[in-house]
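Let's take a walk through this one together, starting from a single side chain and working outward. Keep the viewer open as you read.

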Amino acid sequence: MSGDQVDIPLLALHQLKPGQIADVYALLEEKEKAITRDGKPYYTCRFRDRHRSASCMVWANSQWFAPCDQEWQEGRCYRLRVMYDEHERFGPQLELFLIRPVQDRDYKEGFDPSILFEASRHDPDKMYRELMDLAEHAIGHAGLKRLVVELLHTYADKLRSMPASAREFYPFYGGWLEHVLSVARLCSLVVQYYRDFYADARPPLNADLVLAAAMLHELGRVEELTTDGSSTQVTVPGRLFGRCLLAYKLVHDAGQKIPELDAETLQLLEHIILSHLELPEWGSPRLPLIPECLILHHLDDLDAKMEMYQRCLRKDTSPGPFTYRDPVLGKPLLKARNL
């Protein structure tokens with residue numbers, strides 16, 4: 001970055017106040033190309049550190065359009081000179097003055113990549129051990145237990161670091177484990193409630209099926225997403241088939257090798273995995289046909305949305321009673337309340 005001046009401070013992105021000019025290190029999280037009503041191309045870029053993300057508009061007549069179009073890469077770290085502002089509707093905004101990729105000399109000036117990458121609040125190793133313990137002690141069916149334990153063991157390294165999604169819910173290091181463990185805990189409570197509430201149900205609700213599905217419903221992410229800890233991208237198989245079909249194949253192939261797992265049980269588990277998102281537009285290739293699907297569907301959706309709400313409220317810096325409009329939720333949230 002040429003022309004650095006001593007009177008321009010080097011700060012963290014989340015420290016900036018409206019109207020402040022500073023140099024910051026940031027990760028280019030997203031770069032989306034679109035067309036104006038006049039037919040001119042532009043980019044919406046989103047830069048972030050661990051605690052804040054901010055948008056930067058790059059218009060066709062900007063000096064940054066060609067570099068953005070040809071050189072800027074999602075998932076790469078940059079040193080920026082920006083003026084920070086906060087828009088009432090669109091939230092944190094950046095006006096860009098200078099930009100370059102992070103260089104070796106930046107590390108000598110205090111650059112630490114960990115300040116840019118969001119991670120789970122919980123230790124991944126502890127979450128993994130708890131999930132394995134739940135599988136080994138809460139699932140009674142021998143075949144389902146072996147299937148879950150073997151798959152969790154096979155993909156252990158990836159699952160410790162995977163996000164639960166690329167950008168929507170739990171989109172950070174360790175997010176997969178945090179989400180799946182939370183859903184499994186919820187399912188173990190709710191399925192027992194409904195087993196007692198509908199004690200005369202025929203066929204009875206199968207708690208082992210629900211728990212196994214809760215632990216494996218997002219397994220397709222290991223083939224749908226690729227991540228290096230700093231950025232997450234959707235793979236070619238992920239775009240072609242989606243996580244439900246990818247999870248189905250992993251479960252089906254592994255299940256065929258387990259003698260204790262009868263064909264009917266495996267088939268029902270596969271159906272829950274394929275249909276738990278409930279709607280085709282959400283990614284389910286089949287509609288749910290057994291009640292166990294409902295438990296996983298609603299608790300999975302609840303847990304994902306709760307994380308999105310809590311992250312929005314936790315990270316917001318707006319001065320008013322509402323948060324800025326969250327780009328994923330598509331709305332602001334009320335944060336000023338006395339209850």
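With which side chain does the side chain of Ser53 make a polar contact? The partner is the side chain of Arg46, at 3.2 Å. A polar contact here is a pair of N or O atoms within 3.5 Å; within protein, one must be able to donate a hydrogen and the other to accept it, and residues adjacent in sequence count only if both atoms are side-chain atoms.

Before going further, some ground rules. This is a predicted model, where local features need pLDDT of at least 70 and side-chain atom pairs count only at pLDDT 80 or more, while totals for chains, interfaces and linings use all residues. Residues are numbered from 1 along each chain as its sequence is written, and side-chain values use heavy atoms, with hydrogens and water left out.

Back to Ser53, which sits in strand E3 (residues 53–59). Strands (E, at least two residues) and helices (H or I, at least four) are DSSP runs, numbered from the N terminus. Leaving aside residues up to four places away in sequence, Ser53 touches Glu29, Arg46, Phe47, Arg48 and Pro92; a contact means heavy atoms within 4.5 Å.

Follow one of those neighbors, Glu29, and you land in strand E1. Under the same sequence cutoff of four places, Glu29 touches Arg46, Arg48, Ser53, Glu74 and Arg167. Glu29 counts as partly exposed because its relative accessibility is 27%. On that scale buried means under 20% relative accessible area, exposed means over 50%, and partly exposed is in between (1.4 Å probe, protein chains only). For a sense of distance, Glu29 and Tyr107 are 78 residues apart in sequence and 21 Å apart in space, C-alpha to C-alpha.

Now for the strands themselves. E1 (residues 21–35) and E2 pair in the antiparallel sense over eight bridges, and strands count as paired if DSSP finds at least two bridges between them. In this pairing, Ala34 stands opposite Tyr42 of E2. The two strands form a hairpin with five residues between them, and Gly39 in the turn has a positive phi of about 85°.

E2 also runs antiparallel to E3, joined by seven bridges, and here the hairpin has four residues between the strands. Tyr43 faces Val58 in E3, while Arg46 stands opposite Ser55 in E3. How enclosed is strand E2? Six of the eight residues of E2 (residues 41–48) are buried, so the strand is largely enclosed by the rest of the structure. E3 is mostly covered too, with five of its seven residues buried.

Further along, strand E4 (residues 77–87) pairs with strand E5 (residues 91–101), again in the antiparallel sense, over 10 bridges. Three residues make the hairpin connection from E4 to E5. Across this pairing, Arg79 stands opposite Arg100 in E5.

Next, a couple of backbone oddities. Most residues other than glycine have a negative phi, and most peptide bonds are trans. Tyr170 has a phi near 45°, a positive value in a residue other than glycine. You'll find Tyr170 in the loop between helix H5 (156–161) and H6, and it is buried, with a relative accessible area of 5%. The other case is the peptide bond from Arg202 to Pro203, which is cis, with omega near 0°. Pro203 belongs to the loop between helix H6 (175–197) and helix H7 (207–216).

Finally, zoom out to the whole chain. The protein chain has 11 helices and seven strands, and its C-alpha atoms fill a box of roughly 70 × 45 × 45 Å along the principal axes. Of its 339 residues, 48% are buried. Among contacts between residues at least 6 apart in sequence, 58% join residues at least 24 apart. The accessible surface comes to about 17800 Å², and 53% of that belongs to carbon and sulfur atoms; these areas come from the Shrake-Rupley method with a 1.4 Å probe, and for residues only the protein chains shown count as cover.

As for charges, the mean positions of the 41 positive and 50 negative ones are 3 Å apart. Lys and Arg count as positive and Asp and Glu as negative, with His and the chain ends not counted. Each charge is placed at NZ of Lys, CZ of Arg, CG of Asp or CD of Glu.
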